[in-house]
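Here are some worked exercises on helix packing, burial and backbone geometry. Try each task with the structure open before you read its solution.

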Amino acid sequence: MVILLCALMVGLAFSPSATEKLADILYGENRGDGIVDVIDKPDLRPDGSQEQEPGESGEPEETPQPTIAPEHMDGPLVWEPRPTPAPVYTSAPDSSPVPDVNGMVINIYAVKNGAVAPPITSYVIPSGDSVEAPKELADRAGYTPVEEKTEELSAEEADKLRKELTLGDTGTALYFDPLYYPYYYLLDETGQTLYRQIYANANGMIKTFMPCQDITINALKTVFEAVYNDHPELFWLETGYSCRYSRSGKCVEITLQYSVEAAELAEFRSTFDTQVNRILNQAWNLADDYEKEKYVHNRLLDLVQYQSGAPMSQSAYSALVNGKTVCAGYSRAFQYLMQQLGIPCYYCTGYSGENHAWNIVYLYGEYYNVDLTWDDTEPATFDFFNKTDEDYAPTHVRRGLAQKLPACEGKSYRNLEEKPDAAAPTPTPSPQATPAPTGAPDNPMISAELEEYYRDCGQKIIDNGLGSFSFVQEIDAGLWQELWNAYNNGNISDSFLIRALNRLGGSSCSVQIQCRVAENGGYRLTHTVYIQ
């Protein structure tokens, strides 16, 4: 055996072909060295035909890619080249429209236990059918509810109209402060979109336009009422409008009605503003919001006479310029003047034996009813000034959207007056009066973090003590934006008010902050404080 094995080894050593044949028998084509032999034996297709050698078909030769089989996989992982995906660019979202800061108001309220302003309660409709005006005031009404004229169109007419009409001004960038324009926030998103469009077109005296959202004729009436009730400055907008709609009930065309021609509006506005400023210039010098409210009440009673059928009687213009109006004119004038003074005031409509209008005033965290029409008697009174819903229950009941306004339950400024001063004299400025707009601020402009601003305000309140007072401070644009964002997001701090209450032994404190753009580019904040 040894001799035979030695002979075999010698034979293989001198015969390479025999060596390769033995290797094929033992190992097959893959000889274990990691290289695939494609020379000695041609590749076959699945059908048994022989593959062409590279270059025989005339097509370019492809470079084979390596295959690697990781230990944890059963088979090889084949690498396939993939195109690099193109970058995807998303446009930045539209920034929120920047509202005009002049006249913006921030209200902060706190009570000693640390709670924020008391929760708003809902209006309770008086029970029974006995709501009526006192006999001596039974003819003091005259409010005209919103009225619409409608016309149904055929499908062809509706399609033709849609091609002819434009949207006018959609008011996309408009902002409405919830404390001053509550009716806007009683609407859903679609209603708010239409509200902005109606307001913008009315402000620009665009008469006819196509609604920018699908809306039914019934929903449109609610939206129009909300616009009208929130904006006494649109004194040329009538309470009536018309709507042409398709057979589906969707409005196709809106037409507003104006009491003033477009060519005359500038002159009307100038006259209106002049009369408004005569009152505001005196009211601004008063010490607190209650004194301002009382002064405007008295001044209007001195200037205005009740007259049924007076021209433009549903507008603030009829009261402030013409001096003759009905309940709607009294209420719209009072609403506008309060708004200009930074005091939230709402137009409230309902029934008092007849259709009637009055006001709701927000004063230092509390809501009150005010009816100037019924106070304008001979002699004038405060009988319907700053009253609760309970006080009004026998004579006033809200209707429509006004029922959704907050309940009036304020007691702090109720029944404080017996009768107005006969001639509504020019008030004497208080020693703690709000600084004049052109005066220097109490301290130079600061650029500080929000917490530092809060501490500074809190210290001013502590230094002044209980009661009411005002102070002015200028801040830079960055700090104003922080403060405004905190207010809008519901994150504004009341901790500095709580500290002041604890130091002074008070029970409640409110701060109203009104912003104006200063000459040096900063923001001038007038703080009106009431602490008790």
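**Exercise 1.** Work out how helices α6 and α7 are oriented to each other, and which residues join them.

*Solution.* This is a predicted model, so we are reading computed geometry. Start with the axes: α6 (residues 265-283) and α7 (residues 289-303) come within 10 Å, and their axes cross at roughly 140°. Next, place that angle: over 145 degrees would count as roughly antiparallel, and 65 to 115 as roughly perpendicular. The two helices are therefore oblique to each other. Their crossing is right-handed. Now look at the side chains in between: α6 brings Gln275, Ile279, Gln282 and Ala283, while α7 brings Lys292, Tyr295, Val296, Arg299 and Leu303. Sorted by class, the contact holds 5 nonpolar, 2 polar and 2 charged residues.

**Exercise 2.** Now turn to helix α9 and describe how α6 crosses it.

*Solution.* Find α9 at residues 327-340; its axis and that of α6 come within 11 Å and cross at roughly 65°. The hand of this crossing is right-handed. On the α6 side you should find Phe272, Val276, Ile279 and Leu280, and on the α9 side Tyr336, Leu337 and Gln340. Classing these residues gives 6 nonpolar, 1 polar and no charged. Ile279 deserves a second look, since it takes part in the contact with α9 and also in the one with α7.

**Exercise 3.** Find the residues through which α5 meets α9, and decide how the two helices are oriented.

*Solution.* Begin with the axes again: α5 (residues 217-230) and α9 come within 10 Å, with a crossing of roughly 65°. The pair is therefore roughly perpendicular. Tyr228, Asn229 and Asp230 of α5 meet Arg332, Gln335 and Gln339 of α9. By class, that makes 1 nonpolar, 3 polar and 2 charged residues.

**Exercise 4.** Is Gln514 buried or exposed?

*Solution.* First locate Gln514, which lies in strand β16 (residues 508-517). Then check its relative accessibility: the value is 8%, and because buried means under 20%, Gln514 counts as buried. Finally, look across to Val472, which is 42 residues away along the chain; the two C-alpha atoms are separated by 9.5 Å.

**Exercise 5.** Here is one for the backbone: what is notable about Pro379, Asn386 and Asn415?

*Solution.* Keep the usual picture in mind: most peptide bonds are trans, and most residues other than glycine have a negative phi. Take the proline to start: the peptide bond from Glu378 to Pro379 is cis, with omega near 0°. Pro379 sits in the loop between α10 (372-375) and β13 (385-387). Move on to β13, the strand that holds Asn386. Asn386 is not a glycine, yet its phi is positive, at about 55°. With a relative accessible area of 0%, Asn386 is buried. Asn415, likewise not a glycine, has a positive phi of about 60°. Asn415 belongs to the loop between β14 (397-398) and α12 (450-464), and a relative accessible area of 42% makes Asn415 partly exposed.

**Exercise 6.** Step back and describe the chain as a whole: how many helices and strands does it have, and what share of its residues is buried?

*Solution.* Count the elements to get 14 helices and 17 strands. Then turn to burial: 45% of the 532 residues are buried. The chain exposes about 28800 Å², and carbon and sulfur atoms supply 51% of that area.

Technical notes
Residues numbered from 1 in each chain as written. Predicted model: local features only at pLDDT ≥ 70, side-chain atom pairs only at ≥ 80, totals over all residues. Heavy atoms only, no water. Axes fitted to C-alpha atoms, helices over the stretch in contact; angles between N-to-C directions. Helix = DSSP H or I, 4+ residues; strand = E, 2+ residues; numbered from the N terminus. Parallel < 35°, antiparallel > 145°, perpendicular 65-115°, else oblique. Left-handed = near helix turned anticlockwise from the far one by under 90°. Contact = heavy atoms within 4.5 Å. Nonpolar A, V, L, I, M, F, W, Y, C, P; charged D, E, K, R; others polar. Buried < 20%, exposed > 50% of the residue type's maximum accessible area, 1.4 Å probe, protein only. Areas by Shrake-Rupley, 256 points an atom, 1.4 Å probe, with all protein chains shown as cover.
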